[in-house]
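Trainee: Please take one part of this model and examine it closely, keeping to what the coordinates support. I should then like to see how other places in the chain are arranged.

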Amino acid sequence: MSEQSRRPRKPGKPYRRPQKDPVRILAFEALRAVDERDAYANLVLPPLLRKAREKGDFDARDAALATELVYGTLRRQGTYDAIIAECVDRPLREVDPPVLDVLSLGAHQLLGTRIPSHAAVSASVELARVVLGDGRAKFVNAVLRKIAVDDLDGWLARVAPPYDEDPEDHLAVVHAHPRWVVSALWDSLGGGRAGMEELLAADNERPEVTLVARPGRATRDELLAEEAAVPGRWSPYAVRLSEGGEPGAVDAVRENRAGVQDEGSQLVALALANAPLEGPDRRWLDGCAGPGGKAALLGALAAERGAFLLASEKQPHRAGLVAKALDGNPGPYQVITADGTRPAWRPGSFDRVLVDVPCTGLGALRRRPEARWRRRPEDLDGFAPLQRGLLRSALEAVRVGGVVGYATCSPHLAETRAVVADVLKQFPGTEAIDARPLLPGVPDLGEGPDIQLWPHLHGTDAMYLSLIRRTA
């Protein structure tokens with residue numbers, strides 16, 4: 001027997017296998033997909049949840065917790081990063097991304113949920129043992145125990161600069177938005193601290209699911225007969241589902257007679273459809289139709305008037321989504337795959353034209369919280385030529401006396417008023433229409449003539465709309 005084999009083993013606890021927690025493992029997998037593949041949580045999470053339910057691992061409460069862990073962690077990522085940075089002995093960029101994801105999940109359980117601190121730490125350490133190994137689990141344990149010594153307000157008092165010294169950075173840390181986004185939103189919103197606090201807080205709330213009853217195919221009363229359904233605030237076709245409401249369980253949604261569509265998106269389509277015209281009202285164009293929500297509503301409204309809708313989308317897979325959304329439309333329509341800046345139609349062919357242009361998506365941060373961390377100020381320069389090109393093409397596509405709607409799901413002035421002002425300077429024979437009277441009953445629409453919707457004022461995405469009439 002060797003000398004080494006005769007040595008007694010050091011006393012210690014017997015090895016215990018880590019306990020697998022399906023909810024937290026799924027949440028971790030979703031965060032890794034968002035980080036590694038630039039995926040969006042609203043696309044990644046549903047199939048993961050569906051698979052877990054099919055395996056029998058999940059019930060409704062498990063799915064709700066997993067959803068809260070993923071979205072809550074993503075929304076508060078900037079705040080949690082600042083707190084974690086105070087509790088580690090190295091720059092945050094040197095912490096392995098999978099480890100940081102486990103730490104962020106743990107921080108959210110400690111600071112953003114009602115899970116008891118000891119349970120949040122214990123569950124996070126067990127997750128680390130499963131997905132990272134025992135060595136890094138000890139690091140996770142040490143960091144989370146430091147975080148657990150204080151609540152969120154206490155940590156914010158430590159890591160956020162005082163408002164009086166740096167208002168933008170204070171709001172950025174407290175409300176978990178990049179500083180440049182805070183600055184851009186402030187420029188667009190105007191006003192003081194209170195309005196900004198309300199807007200940023202609204203961005204961090206989970207949005208309600210809103211349905212649209214497509215005219216001629218479904219009625220709002222039909223949707224309101226569903227459990228947990230209440231009327232929309234502004235759109236006559238909108239129905240909101242309270243928390244736990246499942247769109248896929250609604251017959252009209254399964255049958256494509258209704259769809260999921262934010263009320264702000266519905267209002268944009270309604271304003272364009274209600275804009276006064278000079279002359280006929282027979283041909284409508286949706287020049288950036290994907291994924292199809294506005295096209296489906298416009299198609300239904302056009303059908304009521306005997307008008308034809310052409311829905312154009314550059315990306316083939318998105319054009320397929322548009323065709324699916326319009327399938328069963330009661331009036332004439334056509335879906336084509338075409339580049340709106342290189343029109344497949346003759347100038348002056350349409351009475352109404354909508355271009356909901358590609359943008360940074362800063363108006364939909366409630367739905368895509370990871371977008372706030374993914375976007376950069378330089379992205380604006382990449383979108384600018386396309387946005388201007390699409391608006392110019394739309395103005396060329398509409399006849400004299402017709403109306404163009406320029407829409408974007410961003411309140412950033414560089415994507416809204418700056419685009420419209422630049423193009424109209426280069427395009428004589430146009431005039432802006434006051435869009436506010438076209439949305440009766442909707443308050444706080446600004447000074448006009450354009451419209452800017454806000455999550456904290458209207459309960460919608462921050463949609464922007466400018467209506468322009470071709471006069472010559």
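Mentor: The expected span of a helix is 1.5 Å times one less than its number of residues. Helices (H or I, at least four residues) and strands (E, at least two) are DSSP runs numbered from the N terminus. This is a predicted model, in which local features need pLDDT of at least 70 and side-chain atom pairs pLDDT 80 or more, whereas totals for chains, interfaces and linings use all residues. Residues are numbered from 1 along each chain as its sequence is written, and side-chain values use heavy atoms, without hydrogens or water.

The part I have chosen is helix α16 and its surroundings. Helix α16 comprises residues 293-304, and its 12 residues reach 17 Å from the first C-alpha to the last, close to the 16 Å expected at 1.5 Å a residue. Of these 12 residues, 10 are buried (under 20% relative accessible area with a 1.4 Å probe, protein chains only; exposed is over 50%, partly exposed in between). Helix α16 is therefore largely enclosed by the rest of the structure. Its buried residues are K294, A295, A296, L297, L298, G299, A300, L301, A302 and A303. The elements covering them include the strands β1, β5 (283-286), β6 (308-313) and β8 (350-356), together with the helices α15 and α17 (316-326); contact here means heavy atoms within 4.5 Å.

Both ends of α16 have a backbone feature close by in sequence. In the loop between β5 and α16 lies P291, and the peptide bond leading to P291 from G290 is cis, with omega near 0 degrees. Just after the helix, G306 adopts a positive phi of about 75 degrees.

Helix α15, one of the elements that cover α16, has a comparable account. For its 12 residues, 263-274, a rise of 1.5 Å a residue predicts a span of 16 Å, and the end C-alpha atoms are indeed 16 Å apart. Helix α15 is largely enclosed by the rest of the structure, because 11 of its 12 residues are buried. These are E263, G264, S265, Q266, L267, V268, A269, L270, A271, L272 and A273. At the start of α15, a side-chain oxygen of D262 comes within 2.8 Å of the backbone nitrogen of G264, inside the 3.5 Å limit for a polar contact between N or O atoms, one able to donate a hydrogen and the other to accept it.

Strand β1, another of the elements covering α16, belongs to an open antiparallel sheet of four strands in the order β2-β3-β1-β4; strands pair if DSSP finds at least two bridges between them. The edge strands, each pairing on one side only, are β2 (229-231) and β4 (258-260). From one strand to the next, the twist averages 30 degrees. Strand β1 (residues 209-213) is joined to β4 by three bridges, and V212 has G259 of β4 as its bridge partner. Helix α15 lies across β1 and β3 (238-241), at about 30 degrees to β1; axes are lines fitted to C-alpha atoms, for helices over the stretch in contact, and angles run from 0 to 180 degrees between N-to-C directions.

On the side of β8, S349 sits in the loop between β7 (333-337) and β8. S349 counts as buried because its relative accessibility is 18%. Leaving aside residues up to four places away in sequence, S349 touches R283 and A397.

Elsewhere in the chain, helix α4 (residues 60-75) packs on helix α6 (residues 97-111) at about 100 degrees, with the axes 9 Å apart. The two are therefore roughly perpendicular, a term that covers 65 to 115 degrees (under 35 is roughly parallel, over 145 roughly antiparallel, the rest oblique). Residues E68, L69, G72 and T73 of α4 meet S104, L105, H108 and Q109 of α6. Helix α5 (residues 77-85) also crosses α6 at roughly 100 degrees, the axes coming within 10 Å, so α5 and α6 are roughly perpendicular to each other. Here Y80, D81, I83 and I84 of α5 meet L100, L103, S104, A107, H108 and L111 of α6.

Some further backbone features lie in other loops. Most residues other than glycine have a negative phi, and most peptide bonds are trans. A176, in the loop between α10 (167-174) and α11 (179-189), has a positive phi of about 60 degrees although it is not a glycine. A176 counts as buried, because its relative accessibility is 0%. D38 likewise has a positive phi, near 55 degrees, and is placed in the loop between α2 (22-37) and α3 (41-55). A cis peptide bond, with omega about 0 degrees, joins G448 and P449; P449 is in the loop between β10 (430-433) and β11 (451-452).
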